[in-house]
Amino acid sequence: MASPEIETLTQALSRLPGLGPRSARRAVLHLLKKRETALDPLLRALEAVSARLATCAICGNVDTSDPCAICADPRRDTRQLCVVEEVADLWALERSRLFPGKFHVLGGKLSALDGVRPEDLAIDSLVSRIAAGGVDEVVLAMNATLEGQTTAHYIAERLESYPVRLTQLAHGLPVGGELDYLDEGTLAQALRARRPVA
């Protein structure tokens with residue numbers, strides 16, 4: 001049996017997405033065997049991120065600075081704004097390197113079953129960003145789920161009085177699919193084939 005400290009580490013890792021108890025044990029054994037090349041660098045990286053972790057006050061991204069690197073980048077096209085449900089969706093779209101604009105993270109999706117209402121999401125701050133001007137296109141990059149499409153429809157209604165072009169990712173994304181699990185090729189095609197919201 002492992003010491004209480006090693007068991008605590010194993011339990012902590014097993015709570016991460018995609019890692020069960022067996023995978024966590026294998027990861028811990030690897031970290032212990034490779035202390036200098038795996039455990040120590042991981043520990044330093046976790047401490048550095050933990051000390052500087054911040055949520056961007058502009059877009060809602062999670063980064064080590066506020067504003068985040070995307071919002072602070074002067075090369076980004078401020079006329080395009082991509083709205084996503086979660087930070088994982090923003091990161092998935094960023095991996096494609098195809099969207100030149102800025103982002104807005106809602107922090108979830110509308111869901112009557114889960115009790116998530118518009119005021120629980122960053123929709124008011126989105127409307128404020130649009131009302132401030134300078135945005136020509138809003139890309140609604142919601143997941144292709146019932147809740148995602150309901151959220152997109154609600155946002156489209158909230159923004160219909162503003163002079164912005166509303167687009168959404170092209171269909172062809174798998175129904176029920178989530179952006180974070182899609183490959184870059186599928187995301188690239190969806191971004192290229194985005195269309196106006198009806």
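**Figure 1. Charges and overall build of the chain.** Count up the charged side chains and you get 23 positive and 26 negative ones, with the centres of the two sets 7 Å apart. Keep in mind that everything shown here is a predicted model. The chain is built from eight helices and seven strands. Its C-alpha trace spans about 65 × 35 × 35 Å along the principal axes. Of the 198 residues in the chain, 37% are buried. The chain exposes about 11,700 Å², and 56% of that comes from carbon and sulfur atoms. Now for the contacts: if you take those between residues at least 6 apart in sequence, 56% of them join residues at least 24 apart.

**Figure 2. A five-stranded open sheet.** Follow the strands across this sheet and you read the order S4-S3-S5-S6-S7, with mixed pairing. S4 and strand S7 (195-196) sit at the edges with a single partner strand each, so one side of each has no neighbour in the sheet. What holds paired strands together, in general? Strands of a sheet pair through backbone hydrogen bonds, and they can do this parallel or antiparallel. Look at S7 and its pairing with strand S6 (residues 165-168): the two run in the antiparallel sense, over two bridges. Here you can spot Gln 168 standing opposite Arg 195 in S7.

**Figure 3. Lys 102, a charged residue tucked inside.** Zoom in on strand S4 (residues 101-105) and you'll find Lys 102. Which side chain of opposite charge is nearest to Lys 102? That would be Asp 73, but it is 7.5 Å away, and Lys 102 is buried with no salt bridge. A salt bridge calls for a side-chain nitrogen of Lys or Arg within 4 Å of a carboxyl oxygen of Asp or Glu, so a pair at 7.5 Å doesn't make the cut. Lys 102 still has plenty to touch: leaving aside residues up to four places away in sequence, its contacts include Ile 70, Cys 71, Asp 73, Arg 76 and Asp 77. Also among them are Thr 78, Gln 80, Leu 81, Cys 82 and Arg 129.

**Figure 4. Helix H5 and what it packs against.** Which residues of H5 are buried? They are Val 87, Asp 89, Leu 90, Ala 92, Leu 93 and Ser 96. A bit of helix geometry helps when you look at a list like that: an α-helix has 3.6 residues a turn, so residues three or four places apart point the same way. The buried residues of H5 pack against S2, H4, strand S3 (77-84), S4 and helix H8 (184-192).

**Figure 5. Two backbone oddities.** Most residues other than glycine have a negative phi, and most peptide bonds are trans. Arg 97 isn't a glycine, yet its phi is positive, at about 55 degrees. You meet this residue just after H5, in the loop between helix H5 (87-96) and S4. Is Arg 97 buried or exposed? It is exposed, with a relative accessible area of 76%. The other oddity is the peptide bond joining Asp 66 and Pro 67, which is cis, with omega about 10 degrees. Pro 67 belongs to the loop between strand S2 (62-63) and helix H4 (69-72).

**Figure 6. Salt bridges that tie parts of the chain together.** How many salt bridges does the structure hold? There are nine. One of them brings together the side chains of Asp 124 and Arg 158, at 3.0 Å from N to O. Asp 124 is in helix H6 (residues 123-131) and Arg 158 is in helix H7 (residues 146-159), so this pair links parts that are 34 residues apart in sequence. Asp 124 is partly exposed, at 46% relative accessible area, and Arg 158 is partly exposed too, at 27%. Then there's Glu 137 with Arg 165, whose closest N and O atoms are 3.4 Å apart. Glu 137 lies in strand S5 (residues 137-140) and Arg 165 in strand S6, so this salt bridge ties together parts 28 residues apart in sequence. Glu 137 counts as buried at 6% relative accessibility, whereas Arg 165 is partly exposed at 47%.

**Figure 7. A small network of charges.** Here Arg 117, Glu 119 and Asp 120 are linked by salt bridges into a network. Within it, the side chains of Arg 117 and Asp 120 meet at 3.3 Å, N to O. Arg 117 is partly exposed, with a relative accessible area of 45%, and Asp 120 is partly exposed at 40%.

Methods. Residues are numbered from 1 along each chain as its sequence is written. This is a predicted model: local features need pLDDT of at least 70, side-chain atom pairs count only at pLDDT 80 or more; totals for chains, interfaces and linings use all residues. Side-chain values use heavy atoms; hydrogens and water are left out. Helices (H or I, at least four residues) and strands (E, at least two) are DSSP runs, numbered from the N terminus. Buried means under 20% relative accessible area, exposed over 50%, partly exposed in between (1.4 Å probe, protein chains only). Lys and Arg count as positive and Asp and Glu as negative; His and the chain ends are not counted. Contact means heavy atoms within 4.5 Å. Accessible areas come from the Shrake-Rupley method with a 1.4 Å probe; for residues, only the protein chains shown count as cover. The place of a charge is taken as NZ of Lys, CZ of Arg, CG of Asp or CD of Glu. Two strands pair if DSSP finds at least two bridges between them.
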